[in-house]
Amino acid sequence: MAYRSLYKNDYLTDRERKNIILLDVIRRNGPIAKTDISRITQFNIVTVSNYVEHYIDQKLVAEKGLDISSGGRRPELIELNSDWGNLVGVEIGPTHILVMVSNLNPTIIHKLKVKRPEGHMEVVIAEAVRLVRRVIEESKVAPEKIKGIGLGISGVIDRGAGTIRDTDALRGKTVGSYSTAKGILEKEFRVPVSVGNDASLAALAEKKLSLRIDDENVLYFYSDVGSGIIANNDLFWGSSWSAGEIQLNLDNKEGLALEPWVEKTDFFKSEGLDLGIVKRVKESLKKDGGKSKLLESAGKDLEKIDLNAVFEAAKRGDALAVSVVEAASTRLGLKVAYLTNFFNPEVVVLGGGVERGGELVLNVVRRVVKQLVMEETAGIVKIILSRLGEDAVAYGAVCLVTQELFAEV
């Protein structure tokens with residue numbers, strides 16, 4: 001069973017690995033009998049019983065009556081104690097900051113979402129810290145009940161330096177210290193704070209909360225801006241925690257002179273969170289708005305046209321919207337196809353906002369992958385839309401810090 005290979009990182013002890021695996025199985029399947037935990041994990045029943053008794057003593061797991069017996073004594077059922085404590089998940093995204101308070105399951109208790117402030121990365125991080133305080137206060141959860149905080153941050157992480165670099169050229173590609181935010185939150189709330197890249201944590205959330213246990217290799221696409229990687233059941237960070245970047249640094253003009261076609265090729269750069277859809281729609285409407293009702297539905301105001309408006313128009317059959325969405329989905333599909341061929345995953349998840357396009361986006365990406373990927377790889381991969389939507393990164397932040405807490409029980 002592949003579950004035994006979960007979290008095989010060198011820094012985890014055998015006990016820590018077992019804690020994470022056992023508690024995750026209980027979370028996923030509770031109420032569950034110890035014999036079923038043993039069957040799923042392939043840990044012997046004595047080991048399972050000893051660990052479970054410890055979890056009950058710690059009030060992390062609760063007894064939940066008796067299961068139906070197939071003969072002999074009825075097995076006792078256990079489940080995660082969702083009231084053991086609360087967690088905070090934070091997304092510092094490209095366009096917004098989202099903070100949630102959840103229980104251990106995790107179920108959202110309270111959530112706030114605000115526009116990302118303009119300016120330096122340090123300003124953005126400071127705003128996120130303020131929002132954490134606010135969401136805890138509004139949730140009515142006692143601060144002492146908070147057991148951990150997770151941060152998912154958009155940008156390129158440098159683990160050694162403790163920094164995060166914004167990749168948006170329009171914002172100046174500023175660098176901020178995630179270590180500072182981590183230190184502030186740990187000092188104020190006296191709980192562990194875990195940090196990761198936004199797309200990586202979205203991949204972790206989909207793996208933990210919406211996919212099957214047996215889906216061991218997963219790619220999550222945060223639109224075409226970045227990706228998260230689950231490899232052999234484990235979150236793959238890379239050497240400096242910056243794995244998953246799918247665009248080249250074409251703004252760097254120093255050194256080798258690139259051929260003009262390189263900068264013009266969509267494959268090497270991001271079209272943005274909306275895949276360039278809104279920009280192309282507006283350009284077409286400026287040339288000839290008579291072929292689409294999009295401008296009319298926006299009250300003749302081009303600035304009111306956003307990605308949701310285009311997706312809705314495409315679903316109604318608006319020719320311009322359909323054409324632009326299909327072209328953008330094809331460009332995304334090329335990146336998905338290349339990385340699917342390279343990584344050979346069981347599942348590819350499309351998120352970061354493009355999931356709102358539904359079947360219009362999904363069907364095009366699937367067609368491109370089927371056509372271009374080696375048939376052995378194409379035959380096994382499932383391409384799906386994110387089930388967690390805009391909450392994926394914050395959920396992933398919760399999952400990350402939960403994993404840390406589980407390890408140390």
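1. A word on helix axes before we start: axes are lines fitted to C-alpha atoms, for helices over the stretch in contact, and angles run from 0 to 180 degrees between N-to-C directions. With that in hand, and bearing in mind that this is a predicted model, look at helix H1 (residues 14-29) and helix H3 (residues 45-57). Their axes are 11 Å apart and the two helices pack at an angle of about 80°. Since angles of 65 to 115 degrees count as roughly perpendicular, H1 is therefore roughly perpendicular to H3.

2. You may like to display the side chains where these helices meet. H1 contributes Arg-15, Lys-18, Asn-19, Leu-22, Leu-23 and Ile-26. On the H3 side, the partners are Thr-47, Val-48, Tyr-51, His-54 and Tyr-55.

3. Two of those H1 residues turn up again in the largest nonpolar core, which has 54 residues; Leu-23, Ile-26, Ile-37 and Val-61 touch the most other members. Helix H14 (residues 392-407) supplies the largest share of this core, with 12 residues. Another core, of 41 residues, lies apart from it, and includes Val-281, Leu-362, Ile-383 and Leu-385. As general background, nonpolar side chains tend to be buried together in soluble globular proteins.

4. Val-61 is a good residue to centre your view on. Leaving aside its neighbours within four places in sequence, Val-61 is in contact with Leu-23, Ile-26, Tyr-55, Ile-56, Ile-78, Glu-79, Leu-80 and Asn-81.

5. From there, step across to Asn-81, in the loop between strand E3 (76-80) and strand E4 (86-92). With neighbours within four places in sequence again left out, its contacts are Lys-59, Leu-60, Val-61, Ala-62 and Leu-104. A polar atom of the Asn-81 side chain lies 2.9 Å from the backbone oxygen of Lys-59. Asn-81 and Arg-27 are 54 residues apart in sequence, yet their C-alpha atoms are 9.1 Å apart in space.

6. On to charged pairs. Side chains of opposite charge can pair when their charged atoms come close. The structure holds 21 salt bridges. One of them joins Glu-188 to Arg-133, with the closest N and O atoms 2.8 Å apart. This pair links distant parts of the chain, 55 residues apart: Glu-188 sits in helix H5 (residues 178-189) and Arg-133 in helix H4 (residues 121-139). Glu-188 counts as partly exposed because its relative accessibility is 38%, and Arg-133, at 34%, is also partly exposed.

7. Is the pair Lys-335 and Asp-224 buried or exposed? Both residues are buried. They form a salt bridge whose closest N and O atoms are 3.3 Å apart. Lys-335 lies in helix H11 (residues 319-343) and Asp-224 in the loop between strand E12 (218-222) and strand E13 (226-231), so the salt bridge ties together parts that are 111 residues apart in sequence.

8. Glu-312 and Lys-315 give you a local case, with their side chains meeting in a salt bridge at 3.9 Å, N to O. Both lie in helix H10 (residues 307-315), 3 residues apart, about one turn of the helix. Glu-312 is partly exposed, with a relative accessible area of 41%, and Lys-315 is partly exposed at 45%.

9. Finally, a network to browse: salt bridges that share partners join Asp-24, Arg-27, Arg-28 and Lys-208.

Note on methods:
Residues are numbered from 1 along each chain as its sequence is written. This is a predicted model: local features need pLDDT of at least 70, side-chain atom pairs count only at pLDDT 80 or more; totals for chains, interfaces and linings use all residues. Side-chain values use heavy atoms; hydrogens and water are left out. A nonpolar core is a set of buried Ala, Val, Leu, Ile, Met, Phe, Trp, Tyr and Cys residues joined through side-chain atoms within 4.5 Å. Buried means under 20% relative accessible area, exposed over 50%, partly exposed in between (1.4 Å probe, protein chains only). Helices (H or I, at least four residues) and strands (E, at least two) are DSSP runs, numbered from the N terminus. Contact means heavy atoms within 4.5 Å. A polar contact is a pair of N or O atoms within 3.5 Å; within protein, one must be able to donate a hydrogen and the other to accept it, and residues adjacent in sequence count only if both atoms are side-chain atoms. A salt bridge is a side-chain nitrogen of Lys or Arg within 4 Å of a carboxyl oxygen of Asp or Glu. Angles under 35 degrees count as roughly parallel, over 145 as roughly antiparallel, 65 to 115 as roughly perpendicular and the rest as oblique.
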